[in-house]
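Here's a quick briefing to go with the structure below. Have a look at the assembly first, then read on for the pairing of the chains and the surfaces that face the DNA.

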Protein chains: 2
Amino acid sequence: MAKNEDGKIGVVAGLVRSAFLVNAVYAEASRERGLTPQQGQLLCVLMAQPFGMGELGQMLGLAKSSMTGLVDRTERNGLVRREPDPRDTRAVRVALTPRGQDVAEEFYAETCRRIDRLPDGLNAAERDTLAGLLGRVVLDNEVPVVFMEQA
Amino acid sequence: MAKNEDGKIGVVAGLVRSAFLVNAVYAEASRERGLTPQQGQLLCVLMAQPFGMGELGQMLGLAKSSMTGLVDRTERNGLVRREPDPRDTRAVRVALTPRGQDVAEEFYAETCRRIDRLPDGLNAAERDTLAGLLGRVVLDNEVPVVFMEQA
DNA sequence: CGTGATGGTTCGTGTCGCGAACTTCTGTGG
DNA sequence: CCACAGAAGTTCGCGACACGAACCATCACG
């Protein structure tokens, strides 16, 4: 449960601090492309397919009103577009514009590159093990697909 | 490098998505205590010892001007206090108030509890393995101590 | 038809985070 | 002893975020 102070670290601290690391990468990678981390994340989600506002809020864990603003700003930047939903006049599909597609792919690739470099100290087998364990954690906790699997 | 679509997940996606999970826990746990995630994080850092504004900015990856605001707001909430640094008249030591200490411990404990529950699907040995691997990633990348090790 | 639920937007408020400019103090070289 | 570069913090103005509450339009159902 608890770990002692001999360089070893517990699961909890390991998760929290590696999350910190990932956040930093996200922040830096997006900033370099004139994005905010939130907009970067939005683009990554939309790479898979268009989504409605409600679905997006669900996945990203945001209130509907927050989504409106985020999509507004991203749309203003020309990266995203609101399309009418043929099935439902009220609803809206948020989709990447061509430029948004480009930026998304660039951002995604760069983020992957950097995250991939984090476990540089691990050999192939260890990386596989880590991937497997994290995969199960993610699976068990039903994390929404905020980050695609590499093509 | 890349993983295919048979339920398996790569290291990169695993890291990103588990980070997402951790962020959500942070957000929820802090919100329940009337904190923002940032203030919660600040409290966690200060649990170890007081720090100067510069050091804090360094650890949290924030600009000095951002720190001023964050400490301002947290101070206004009565959780933190600016003490003069005896060594340097310009400098300031940010420390927890008694109430801040309480809130910090509560928040820290609750966060631990929840993060600890994330890898519930793993057995003891697997948790240990995960801890070891993440520990090395964290160590290799020199993540600042934004989250203490359990007492 | 109503009528309740659903998908989104608007509005007001507080928090965040940044860079640039500024003040005050430290320490170092002359 | 005195400049003076540089470090520690703050202030200011700005845009981005996130929320809840109130609101509008539309859908679906009885």
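## Briefing on the assembly

Start at the rotation axis: of the residues of chain A, A19(A) comes closest to it, with its C-alpha at 2.1 Å. Keep in mind that this is a predicted model.

**How the two copies relate**

- A turn of 180 degrees, plus a shift of 0.0 Å along the axis, lays chain A on chain B with an RMSD of 0.0 Å.
- That's the relation of a two-fold axis.
- Both copies use the same surface, since 100% of the contact residues of chain A turn up again in chain B.

**Where chain A touches chain B**

- Chain A puts 47 residues into the contact, and chain B puts in 47 residues too.
- On the chain A side, the elements giving two or more residues are α1 (11–32), α5 (98–117) and α6 (124–140).
- The largest share of that side comes from α1(A), with 14 residues.
- Sorted by class, the side of chain A that touches chain B has 26 nonpolar, 10 polar and 11 charged residues.

**Around DNA strand C**

- DNA strand C has 23 residues around it, and the closest are G52(A) and S65(A) from one chain with T36(B), S65(B) and T89(B) from the other.
- Chain A gives two or more residues to this surface from each of α3 (53–60), α4 and β2, while chain B does so from α2 (37–48), α4 and β3.
- If you want the largest share of the surface near DNA strand C, look at α4(B), which supplies five residues.
- The class split near DNA strand C is six nonpolar, 11 polar and six charged.

**Around DNA strand D**

- DNA strand D is surrounded by 23 residues; T36(A), S65(A), T89(A), G52(B) and S65(B) are the closest.
- The elements with two or more residues here are α2 (37–48), α4 (64–76) and β2 (88–96) on chain A, plus α3 (53–60), α4 (64–76) and β3 (88–96) on chain B.
- For the surface near DNA strand D, the largest share is the five residues from α4(A).
- Count the classes near DNA strand D and you get six nonpolar, 11 polar and six charged residues.

**Worth a look in the viewer**

- Which residues should you pick out around the strands? S65(A) and S65(B) are among the closest to DNA strand C, and they're also among the closest to DNA strand D.

Key. Residues numbered from 1 in each chain as written. Chains lettered and ligands numbered in written order. Predicted model: local features only at pLDDT ≥ 70, side-chain atom pairs only at ≥ 80, totals over all residues. Near = placed C-beta within 6 Å. Helix = DSSP H or I, 4+ residues; strand = E, 2+ residues; numbered from the N terminus. Nonpolar A, V, L, I, M, F, W, Y, C, P; charged D, E, K, R; others polar. Contact = placed C-beta atoms within 7 Å. Least-squares fit on C-alpha atoms with pLDDT ≥ 70 in both.
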